[in-house]
Amino acid sequence: MSMKFIRNPLSALLIGCMGTAFSAHADIVIGVAGPFSGPNATYGDQYWRGATQAAEDINAAGGIKGEKITLVQGDDACEPKQAVAVANRLVDQSHVAAVVGHFCSSSTMPASEVYNDAGIIAITPGSTNPQVTERGMSEMFRMCGRDDQQGLVASNFIIDKLKAKKVAIIHDKDTYGQGLADATKAELNKRGVKEVLYEGLSRGEKDFNALVTKIRSVNPDVVYFGGCHPEAGPLVRQMREQGVKAEFFSGDCIVNEEMVTAAGGPQYTTGVLMTFGKDPRLIPEGKAVIAKFRANKFEPEGYTLYSYASVQAIAAAFNAVGPDSAKASEWLKSHPVDTVMGKKEWDSKGDLKVSDYIVYKWDDKGKYQQLP
C-alpha cells in the first residue's frame, strides 16, 4: 500500500481544522500531534518533517512486521481544549495505533488522558513539564528531558559560569513556561540565590515595555525567561532598547531560527543563552538521515530528529511485540532502542534514563552554538 503525507503545513492547517488531518488506507496509523498553526507552528513543522522522514525510511526497510506506516496529522495550536479534540479525533476517527505528540505540555497532559483511556502509546518529542510522566500513565513516554533537569543545568550555569547574584525570573503563565521558570527558580534558591523579580506575562502579547521597566528597576545580572520564542523575541528586544544589558537566558522553546525573526534581528539575540539537549546533528548515528533532510533544503534543527526518533521507538517496540500498546510500553521500559539520536532507554515512568541538557548561545549571525 502507498503512504500519503501532507507536506505543506498550510494544507495541514486547512484540513486539520476540518477534523482529522487526512485519511489514508494504511496498515499501521501513527498520529502526529502538535501546533501546525499559530505562533508555535514551526515546532509542528519540525515534528511533521521528522516523523515523515522516519516513516518513509522505516517503510523502505520493510515497515513494521511487513506492514506500512501511515501518518495522520492533528493540529492543536498549543491550545489545551483543541488538543483534547485532536486526541479524540485521532482515537475515534483515525484509529491510530500510537501518537507522536504533543508539543506544549499544557496540550500534552489533557490529550494524554484521552490516549490513556484508549490504551494508546504516546511519545512526546518535546513536552518537558515533569507532570507529563508523573501521573502514572503506563503508555506515556518522552524523547526529551524534563524541566527539573533543564532548570538544574540553567541554574548551575547562571551561578557557576555567569557568577550572577541578581536574577529576574519571567514566565508566560503556561504549563511549560511557568513550570520551567519555577524549576530554575527552585534550583537557584537551593543554592542561595533569591530572585529579585518574579513576574508573568501573557502568551500572545508583544508590548512588554512596562515589564521591562520593572526589570530595569531591579538591575539584574540575568533575566531568566520560561516560555517560547514568540514572546522571548520581543521581550529581549525591548530589554535592549531600554538599555537592560542583563544576560538573557531561556529554555528549549527558543531553539529555532524564528527566535531571531521574533526579536527583530541578530543584533538583539546575540549572546542569548538557552538550554537544550546535545545537538543530535553532531553524532554519527544521524549522519545519513541529516543528509536526506539537507538534500531537500531543510535543516533538521530543534525537534525534527526528536520526532524522527519517536517514530523509530514506536516502530522498534511494535516490531518486537506487535502493534499492542500495552506490550509495546512494557517492552520500551526494558529494552534500549537505537535511534537517529543514539541509543535511548526509558525508566518505569516513561522518562529517558539519561538527560543530556547543555547550554547554547546565539551568535551575531543568528545561529546558535552549543557551549563547551
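Helix α8 is largely enclosed by the rest of the structure, because ten of its 13 residues are buried, and I should say at once that what we are looking at is a predicted model. The helix covers residues 229-241, and from its first C-alpha to its last it reaches 18 Å, which is close to the 18 Å expected at 1.5 Å a residue.

Which residues of α8 are buried? From the start of the helix, they are His229, Pro230, Glu231, Ala232, Gly233, Pro234, Leu235 and Val236, and further along Gln238 and Met239. If you then follow the chain just past the end of α8, you come to Gly243, which takes a positive phi of about 85 degrees.

Let me now turn from this helix to the chain around it. The protein chain has 13 helices and 14 strands in its secondary structure, and its C-alpha atoms, taken along the principal axes, fill a box of roughly 60 × 40 × 40 Å. For 372 residues a compact globule would have a radius of gyration near 21 Å, and the 20 Å of this chain agrees with that.

Burial over the chain comes to 59% of the 372 residues. As for how the chain is connected, if we take contacts between residues at least 6 apart in sequence, 71% of them join residues at least 24 apart.

Finally, the surface and the charges. The accessible surface of the protein chain is about 14,500 Å², and carbon and sulfur atoms account for 51% of that area, while the 41 positive and 44 negative charges have mean positions that lie 4 Å apart.

Key: Residues numbered from 1 in each chain as written. Predicted model: local features only at pLDDT ≥ 70, side-chain atom pairs only at ≥ 80, totals over all residues. Heavy atoms only, no water. Helix = DSSP H or I, 4+ residues; strand = E, 2+ residues; numbered from the N terminus. Expected span 1.5 Å × (residues − 1). Buried < 20%, exposed > 50% of the residue type's maximum accessible area, 1.4 Å probe, protein only. Rg over C-alpha atoms; globule rule 2.2 N^0.38 Å. Contact = heavy atoms within 4.5 Å. Areas by Shrake-Rupley, 256 points an atom, 1.4 Å probe, with all protein chains shown as cover. Lys, Arg positive; Asp, Glu negative; His and termini not counted. Charge placed at Lys NZ, Arg CZ, Asp CG, Glu CD.
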